[in-house]
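Before the questions begin, please look over the sequence and the coordinates together. The turns that follow take up packing, backbone geometry, domains and the relation between the chains.

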Number of protein chains: 2
Amino acid sequence: MEEKPREKLKQLGLQVLKQLEERKNPDLVLPIRTLSNIYFDEKSRLIRLGDKIAHRTYLNVAHTRKFMQTLMVAAECKKIIEQGVTTSIRDLYYALKRTIPGTQENTFEEQNESDPIIEDLEAALNVLRESLHLQADRKGYVAGPLVVKDAGDIIDCSKMGSAGWAIPSNVEPEVIQFIENKAEFVLVIEKDAVWQRLNEDKFWKKHNCIILTGKGQPARGARRLINRLHNELKLPIYVLTDADPWGYYIYSVIKQGSINLSFLSDRLGTPDARFIGLTTQDVEEFGIAKNVTIKLDQGDIKRAQEMLNYVWFKPKEWQEELKHMLKVGYKLELEALSSKGIKFISEKYLPQKIKEQRFLP
Amino acid sequence: MEEKPREKLKQLGLQVLKQLEERKNPDLVLPIRTLSNIYFDEKSRLIRLGDKIAHRTYLNVAHTRKFMQTLMVAAECKKIIEQGVTTSIRDLYYALKRTIPGTQENTFEEQNESDPIIEDLEAALNVLRESLHLQADRKGYVAGPLVVKDAGDIIDCSKMGSAGWAIPSNVEPEVIQFIENKAEFVLVIEKDAVWQRLNEDKFWKKHNCIILTGKGQPARGARRLINRLHNELKLPIYVLTDADPWGYYIYSVIKQGSINLSFLSDRLGTPDARFIGLTTQDVEEFGIAKNVTIKLDQGDIKRAQEMLNYVWFKPKEWQEELKHMLKVGYKLELEALSSKGIKFISEKYLPQKIKEQRFLP
């Protein structure tokens with residue numbers, strides 16, 4: 001991160017102090033994070049937060065509780081940064097939960113009160129929670145000719161056995177440094193089982209690449225790592241998901257960011273990512289048996305129809321694919337390729353797609 | 001594994017062949033895996049499968065489909081063992097799914113048809129699915145002074161940065177070997193966030209132990225690893241969970257095995273495991289504020305009452321704890337300890353419990 005999160009938190013406190021000294025109503029300025037302030041930025045090709053703001057003021061009874069909570073969370077983050085420790089958002093909630101002396105009132109009742117405050121601070125200060133020393137949930141694994149340094153330890157992702165390198169919660173440059181890379185691209189895989197298949201086949205060795213799985217929708221750490229691998233190491237990103245609306249949504253989040261975390265899209269999104277598969281058009285193309293496809297249900301159909309209207313699915317290749325899916329009325333999973341043999345995905349499907357550079361935008 | 005799974009699969013096939021040659025009705029003998037055949041074995045202190053058996057015969061229309069499926073799964077496992085590859089149970093399903101020529105009938109309609117067949121084979125042949133080259137879902141992390149060898153790679157769990165060593169799907173001795181160990185005990189932690197706290201505090205270094213999280217209910221790989229760490233390296237196992245019925249259930253599965261996988265209890269259960277905390281009695285003992293406890297709901301109360309009657313919760317310490325929980329009417333999470341300071345768990349709570357060896361049986 002370019003900024004100093006501790007300094008930003010300190011400034012926030014000093015500003016409130018100044019307002020108090022000037023006998024003004026203490027006032028925090030926060031970006032509005034609702035849908036009305038979110039847009040798709042054609043230039044950066046990212047889902048972004050607009051510049052509408054809101055005021056959270058102390059002397060407004062509708063704001064007072066949240067005002068207090070915001071300052072409590074900010075103060076705790078400053079404290080843990082200074083102590084050089086990190087904590088989970090659940091621990092943060094418990095660390096701050098108490099009964100206000102002389103009252104029956106608790107500072108926080110549930111974690112769903114403290115979580116949005118963390119997002120407010122991330123958006124207002126333009127810092128990732130990871131830089132506020134808060135751990136996000138983690139999942140996902142990496143293998144390939146990449147060497148990283150993590151908390152002083154050197155980790156060679158080509159020597160991590162069957163398990164791979166586990167993606168940590170926090171992959172910011174102050175924690176994870178790229179020491180050496182020989183890979184030429186990154187293959188991002190929706191499913192861990194497929195990752196394990198490719199790792200066992202040493203796909204990354206044969207194709208000189210990094211294989212990364214987010215185990216479903218990637219957590220923040222995995223998305224940030226993909227972003228850094230692309231931006232810092234200039235690696236092309238190819239995404240491999242099921243041929244279904246959920247798989248295409250996972251791809252779109254990796255690529256454009258998400259509505260929820262729109263204020264972080266430049267750090268979590270990778271607009272240059274490309275989609276390698278699966279598509280429903282692959283069924284004909286690769287001679288996949290119809291009986292391993294799955295009939296679209298009402299939810300799938302509705303979702304695919306909605307996606308046809310999303311700005312980021314407007315390129316003609318995506319329009320074709322979504323219309324094709326609706327026409328044939330089926331979806332399919334990555335594992336369906338196993339009907340052509342267990343190694344079909346690593347020895348045929350992926351090599352052919354990569355060789356012909358046949359990606360969706 | 002002591003047996004040769006390939007040989008066992010081959011014997012299964014030869015036996016059917018012999019029956020056919022003798023013009024007998026082909027017949028597979030399978031252990032019954034329903035509750036009626038499951039018991040708690042006081043001697044081994046494990047949940048075990050009894051010796052009731054069932055016959056699955058080809059010339060019984062109620063069995064024919066399952067008979068075919070059993071042989072198909074067995075044949076596929078033999079094939080992938082011979083090819084030296086592993087696969088997921090979902091891939092296995094897709095690899096075997098096809099329309100039987102000349103009919104409208106599929107070999108398998110859904111994965112819930114192939115999954116129980118795998119368990120039948122595990123129980124009948126007394127082999128883990130991992131040894132049949134089928135990947136189980138994986139999760140969980142390890143850190144500490146332990147060096148393992150995985151698929152030829154040497155992994156030092158004391159040099160794995162902030163993420164730890166990811167527990168692989170298959171931790172059988174043919175894949176994972178223990179090369180060196182300096183730890184004196186294993187701390188098994190329900191929650192990853194707490195594991196991360198302890199890893200950051202280098203708890204494993206200060207207390208010369210291995211810290212392991214299963215991220216909730218541990219997957220098979222994590223349970224098998226705990227079993228091996230105890231049996232092969234003679235390490236005591238201490239389990240740390242939330243003070244709630246779910247946490248106590250997680251402990252009981254680690255210790256006695258589960259009803260579902262009762263046929264594998266000797267490999268997945270660790271009867272010598274002990275419970276380090278949390279307990280609801282800790283609230284008074286460690287002066288934890290009442291407002292970080294959570295009121296028991298109807299489900300919790302019912303569950304705790306049931307647990308009072310389980311054979312494995314009969315020791316008086318557990319009876320006391322469960323009755324105490326019901327009396328005070330609250331539960332609490334590991335993160336609640338953060339209300340006493342973020343490092344309270346690593347610097348006070350755990351060291352005191354370990355020093356005084358204050359465990360529940």
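Q: Leaving aside its neighbours within four places in sequence, with which residues is A:Ile211 in contact?
A: In this predicted model, A:Ile211 belongs to the largest nonpolar core, which has 171 residues, and is one of the six members that touch the most other members. Once the neighbours within four places in sequence are set aside, its contacts are A:Ala143, A:Gly144, A:Leu187, A:Ile189, A:Trp195, A:Leu198, A:Asn199, A:Phe203 and A:Trp204.

Q: Which residues of the largest nonpolar core touch the most other members?
A: In soluble globular proteins, nonpolar side chains tend to be buried together. Here the largest nonpolar core has 171 residues, and those in it that touch the most other members are A:Val186, A:Val188, A:Ile211, B:Val186, B:Val188 and B:Ile211.

Q: What radius of gyration does chain A have, set against that of a compact globule?
A: The C-alpha atoms of chain A fill a box of roughly 75 × 45 × 40 Å along the principal axes, and 45% of its 361 residues count as buried. For 361 residues a compact globule would have a radius of gyration near 21 Å, and the value for chain A agrees with this, at 23 Å.

Q: Among contacts in chain A between residues at least 6 apart in sequence, what share joins residues at least 24 apart?
A: The secondary structure of chain A comes to 13 helices and 17 strands. One pair that is distant in sequence is A:Glu42 and A:Trp312, which are 270 residues apart along the chain and 9.2 Å apart from C-alpha to C-alpha. Among the contacts in chain A between residues at least 6 apart in sequence, the share that joins residues at least 24 apart is 71%.

Q: Is A:Glu42 buried or exposed?
A: The place of A:Glu42 is in the loop between strands S2 and S3 of chain A. A residue with 12 or fewer other C-beta atoms within 10 Å counts as exposed, and because A:Glu42 has 8 such atoms, A:Glu42 is exposed.

Q: Which element gives the most residues to the side of domain 1 of chain A that touches domain 2 of chain A?
A: Chain A is divided into domain 1 (5-135) and domain 2 (141-355), whose centres, taken over C-alpha atoms, are separated by 33 Å. The contact takes 18 residues from domain 1 and 17 residues from domain 2, and on the domain 1 side strand S2 (38-41), strand S3 (46-49) and helix H4 (111-125) each supply at least two residues. With four residues, the element that gives the most to this side is S3(A).

Q: Where is A:His133 found, and is A:His133 buried or exposed?
A: Although A:His133 is not a glycine, its phi is positive, at about 70°. A:His133 is found in the loop between H4 and strand S6 (134-135) of chain A. Since 23 C-beta neighbours lie inside 10 Å, A:His133 counts as buried.

Q: What is the phi of A:Ala151?
A: A:Ala151 is found in the loop between strand S8 (146-150) and S9 of chain A, and with 17 other C-beta atoms within 10 Å it is partly exposed. Its phi is positive in a residue other than glycine, with a value near 50°.

Q: Which residues does the cis peptide bond of chain B join?
A: In chain A the peptide bond from A:Gly277 to A:Leu278 is cis, with omega near -15°, and A:Leu278 is found in the loop between strand S15 (274-277) and helix H10 (282-285). In chain B, B:Leu278 is found in the loop between strand S15 (274-277) and helix H10 (282-285). There, with omega about -10°, the cis bond joins B:Gly277 and B:Leu278.

Q: How many residues of chain B are in contact with chain A?
A: On the side of chain A that touches chain B, at least two residues each come from strand S5 (87-88), helix H3 (89-96), strand S9 (153-156), strand S10 (165-166) and helix H5 (192-200). By class, this side has 19 nonpolar, 15 polar and ten charged residues. The contact involves 44 residues of chain A, and from chain B the number is 44.

Q: Which residue of chain A comes closest to the rotation axis?
A: Chain A can be laid on chain B with an RMSD of 0.0 Å by a turn of 180° and a shift of 0.0 Å along the axis, and the two copies are therefore related as by a two-fold rotation axis. Because 100% of the interface residues of chain A are also interface residues in chain B, the copies meet through the same surface. At 2.9 Å for its C-alpha, the residue of chain A that comes closest to the axis is A:Ala166.

Methods:
Residues are numbered from 1 along each chain as its sequence is written. Chains are lettered from A and ligands numbered from 1 in the order in which they are written. This is a predicted model: local features need pLDDT of at least 70, side-chain atom pairs count only at pLDDT 80 or more; totals for chains, interfaces and linings use all residues. Two residues are in contact if their C-beta atoms, placed from the backbone, lie within 7 Å. Ala, Val, Leu, Ile, Met, Phe, Trp, Tyr, Cys and Pro count as nonpolar, Asp, Glu, Lys and Arg as charged, and the others, Gly among them, as polar. Domain bounds come from an automatic or database domain assignment. The radius of gyration is taken over C-alpha atoms; the globule rule is 2.2 Å times the number of residues to the power 0.38. A residue is buried if 20 or more other C-beta atoms lie within 10 Å of its own, exposed if 12 or fewer, and partly exposed in between; C-beta atoms are placed from the backbone. A nonpolar core is a set of buried Ala, Val, Leu, Ile, Met, Phe, Trp, Tyr and Cys residues joined through C-beta atoms within 7 Å. Copies are superposed by least squares on the C-alpha atoms of residues with pLDDT of at least 70 in both.
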